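Visitor: Got a minute to walk me through this one? I'd like the layout, chain by chain.

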Amino acid sequence: MAGVAVSTTINGDAVEYLCQPDETLLEVLRDRLGLTGAKEGCGTGDCGACSVIVDGRLVCSCLVLGAEAEGRKVETIEGMAHGDQLHPLQQKFLEHAALQCGICTPGFLIAAKDLLAKNPSPTEEEIRFGLAGNLCRCTGYDKIVRAVQDAAEVMKGA
Amino acid sequence: MRYIRPLSIEDAVGELAKAVGPAAILAGGSDLLVRMKGGFIEPELIVDIKRIGGLSDVTETADGFRIGAAVPCAVLGENKALKQAWPGVVEAANLIGSKQVQGRCTITGNLCNASPAADSVPALVAAGAKAVVVGTSGKRTIAVESVPTGPGRTSLAKGEIVEAILLDKRPEHAGDAYLRFIPRTEMDIAVVSAGVNLTLDDHGAIKTARVALGASAPTVLLVEEAGQVLVGSKLDEATLERLAKICSGACRPIDDKRGTIEFRRKVAGVLAQRAAAIAYKRAGGK
């Protein structure tokens, strides 16, 4: 198979890579670029562990081809904190202990960031529906929902 | 395998028509990539249609709406005019998968994937939506219900692409609705579903009606008799009873892990009644 040359932007940085035509964006991020924050849970778009934002749209990177990122803007969990300064969602996930094993956490953080960008004051129900595409097998979700509610308050005040 | 990103529909159609091995059209990829990963399809050519002009746009025309084949369902939910004119179509499209899947999946893909349980398709069939099909020999506009011919099969010829879905402009007193049954609240595949589209006269009596059922036959069903029974009524109890009976009778469902034949028949009737009531209210009926 001939490789595909891709020029894209990831977390604000211009990035170029070669990938196979059937390689997913998730595989490119993890295996070619060393951005291992996005996780492969199911590989079929059901669990949300590989969530990234492409041109302002929340997507599962396992359901995007690496070749499709040409000319797009990709945001991953690695771009969420500014240096040592955690994003309010990251801070609140820590404070509320909204994680145990942590595999789902990058996906939840990205999905929650997208949710709050579109709806800064979501109700609990809106948070639960908004994050229904992210599966967590440890927390029972309550702590995650509370962390997102708390982060929303902080971000509104900022 | 080759991945190409043509800039014109003619190039896309040309590449698909001359492809030697299996070829696949890529818009949102939420079905295609899963099928590739599962080994159900090994395309030698993938034609990404997202860079073709106009295919990523929703446009309001003199005749109604034109929804490009590459428009993600999330965009439909953000389009106020479309949501106001066709709330049933938009709510059906927005039931597909998660927020992540919404950012990618398209109603054209939902149609061409030809699942009997596709959420947006009963709503589109009830709405009388049309598909604009482009092939090497030109363009044709067909009713959406003539696209799927069975699970995973369509009437599209080799090289043909559905480039857009068309929805009519709405007259006064019109409403549509879509309901599905799933055992959870989100992120599931319809066990049975129903789409209803109504227009009313000035006195609130139903003037035209289309009823479609999902997950109850090898393809989404347009139940013409169910539409006819509604015409002239104001959705009284007796009419609703007849509607349910016709819909239950029209079903040709299967028994599977998600539901039994008996259950699907019963629920098809119930959902048609409830969707009709919502569509009637949306049309301004009391």
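Visitor: How are α10(B) and α11(B) oriented to each other: oblique, or roughly parallel?
Guide: α10(B) and α11(B) are oblique, because their angle falls outside the ranges for roughly parallel (under 35 degrees), roughly antiparallel (over 145) and roughly perpendicular (65 to 115). Helix α10 (residues 237–250) and helix α11 (residues 261–282) of chain B pack at about 140 degrees, with axes 8 Å apart. Axes are lines fitted to C-alpha atoms, for helices over the stretch in contact, and angles run from 0 to 180 degrees between N-to-C directions. Helices (H or I, at least four residues) and strands (E, at least two) are DSSP runs, numbered from the N terminus.

Visitor: Before I go on, what kind of model is it, and how is it numbered?
Guide: This is a predicted model: local features need pLDDT of at least 70, side-chain atom pairs count only at pLDDT 80 or more, and totals for chains, interfaces and linings use all residues. Residues are numbered from 1 along each chain as its sequence is written, with chains lettered from A and ligands numbered from 1 in the order in which they are written.

Visitor: Back to the helices. Which residues make the contact?
Guide: On α10(B), they include B:Leu240, B:Leu243 and B:Ala244. On α11(B), B:Ala268, B:Val270 and B:Ala272 are among them. Contact means C-beta atoms, placed from the backbone, within 7 Å. The residues of this contact divide into eight nonpolar, three polar and three charged. Ala, Val, Leu, Ile, Met, Phe, Trp, Tyr, Cys and Pro count as nonpolar, Asp, Glu, Lys and Arg as charged, the others, Gly among them, as polar.

Visitor: New topic. What is the strand order in the open sheet of chain B?
Guide: The five strands run β4-β5-β10-β6-β7, with antiparallel pairing. Two strands pair if DSSP finds at least two bridges between them. The twist averages 25 degrees from one strand to the next.

Visitor: How many bridges join β6 and β7(B)?
Guide: Six bridges, in the antiparallel sense. B:Val133 stands opposite B:Arg140 in β7(B).

Visitor: Which helix lies across β6 and β10 of chain B?
Guide: Helix α1 (residues 9–18) of chain B does, running at about 130 degrees to β10(B).

Visitor: And chain A? How is it divided?
Guide: Chain A has domain 1 (4–78) and domain 2 (88–157). The bounds come from an automatic or database domain assignment. Their centres, over C-alpha atoms, are 22 Å apart. The contact takes 13 residues from domain 1 of chain A and eleven from domain 2 of chain A.

Key: Contact = placed C-beta atoms within 7 Å.
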